[in-house]
Amino acid sequence: MEPINDEIAREFPFFRVYKDGRIEIFYKTQKVPPSTDAVTGVQSKDVTIQPEPAVSARIFLPKIQDPAQKLPVLLYLHGGAFIFESAFSPIYHNFVGRLAAEAHAIVVSVEYGLFPDRPPPACYEDSWAALKWLASHGSGDGTESWLNKYADFDRLLIGGDSGGANLSHYLAVRVGSIGQPDLKIGGVVLVHPFFGSVEEDDQMFLYICSENGGLEDRRLRPPPEDFKRLACGKMLIFFAAGDQLRGAGQLYYEDLKKSEWGGSVDVVEHGEGHVFHLYNSDCENAADLVKRFGSFINQK
C-alpha cells in the first residue's frame, strides 16, 4: 500500500487538492428527510427528475385551504459554490418551507450535481433538466400529482441564492435563447448572486469548471446579448452590504439596467453578510427577506 501524500497542490476557499489527486471538501453537508411542518402545515416530499445523471428535487406544498385554487410555482436552486450544500440540508429545507408558507406557493427545490463528482457544467444541465421536467406538468398530465393538481403555470418563477442565483440567470437566458413555447417565466429572484467576485472565488470557479472562457466566461460576466434574452419581465435582486459578492452583483445590476432587456428590476439590500437568512433565520432582516420574496412571487 502506497503512503498517502499530504502535499497540497492547490487550495481554494472551500476545498484543497493534494498532489496525489485527492480532493478534500471543507464543508460537510447534512441532510434531513421530507416532512410536514406542524406549525405552517407545509408538506414536502422528494421526487426523481431523472435517474441518470441523477437529478432530484424536494417539493414543498403549502397548506391547502381551497382545493380548487391554483398556486404559483417557484423552481428554487440552492447555493454552495457548486461544491456543497443540498436541497435536502436542514438550512434549505427550513428556508424553502418557510418561503412556501409565506408565498402560499409550491416550491420545487432542485438537487443538482456538485464538484468533484459532477463538476460544472453538470449543475447547469441538471437545472435545465429540472425546469423542463417542471414545465412538462403544464397540461396537468405530468408524473407529479401535486403539480398536476395545484400548480398555476401562468405564475412560474425561478429563484436561487449565491451559485443558485447564477443558475437562475442561466435558465432565464436559455429559455429566452431557444424560445420554449411551453415555458413562460413570470419572474426571477436572485439572492446574493454569484457573478464572479474576488480573485480567489473566480479562480476556484475556473478550476472546478474546466470548460470555461476565462475571466470573461459568460457565466461569470454575462454579456449584453444575454441580458436581452432574459425570458422574464421582472426581476428581484437581494444584496447584503457585507457580502464579498456585492460588488460583482452591483455590476450585474448596472449591466442589466443598461441592456435591451426591457423588464423591471427591484433591489433590496440588507446590512448583513452573505446568505445571512440561512444561518440567522430568526433575525428581523431574514423575516423581511422572506416576506419580500413571497410578495414578489404573488405580484400580478
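Just over the halfway mark, 53% of the 300 residues in the protein are buried. The model is a predicted one, and its fold is built from nine helices and eleven strands. The radius of gyration comes out at 19 Å, close to the 19 Å that the globule rule gives for 300 residues, so the protein is as compact as a globular protein of that length. Along the principal axes, the C-alpha trace spans about 65 × 50 × 40 Å. Of the contacts with a separation of 6 or more, 71% link residues 24 or more positions apart. As for the outside, about 13400 Å² is exposed, with carbon and sulfur atoms supplying 49% of that area.

Now to the inside. The largest nonpolar core holds 70 residues, and Leu131, Leu230 and Met235 are the ones touching the most other members. Helix H2 (residues 122–135) is the top contributor here, giving eight residues. A separate second core has 29 residues, among them Val42, Leu74, Tyr92 and Val189. Back in the largest core, Leu230 has a busy set of partners: beyond its neighbours within four places in sequence, Leu230 contacts His169, Ala172, Val173, Met235, Tyr252, Leu256 and Trp261.

What about the cysteines? The disulfide count is zero. Cys209 is not in a disulfide, and the nearest cysteine sulfur, in Cys123, sits 7.4 Å away, whereas a disulfide calls for sulfur atoms within 2.5 Å. Cys209 is also buried, at 0% relative accessibility. For Cys232, the closest cysteine sulfur is again that of Cys123, but at 20 Å it is too far for a bond. Cys232 is buried as well, with a relative accessible area of 8%.

Key:
Residues numbered from 1 in each chain as written. Predicted model: local features only at pLDDT ≥ 70, side-chain atom pairs only at ≥ 80, totals over all residues. Heavy atoms only, no water. Buried < 20%, exposed > 50% of the residue type's maximum accessible area, 1.4 Å probe, protein only. Core = buried A, V, L, I, M, F, W, Y, C linked by side-chain atoms within 4.5 Å. Helix = DSSP H or I, 4+ residues; strand = E, 2+ residues; numbered from the N terminus. Contact = heavy atoms within 4.5 Å. Rg over C-alpha atoms; globule rule 2.2 N^0.38 Å. Areas by Shrake-Rupley, 256 points an atom, 1.4 Å probe, with all protein chains shown as cover.
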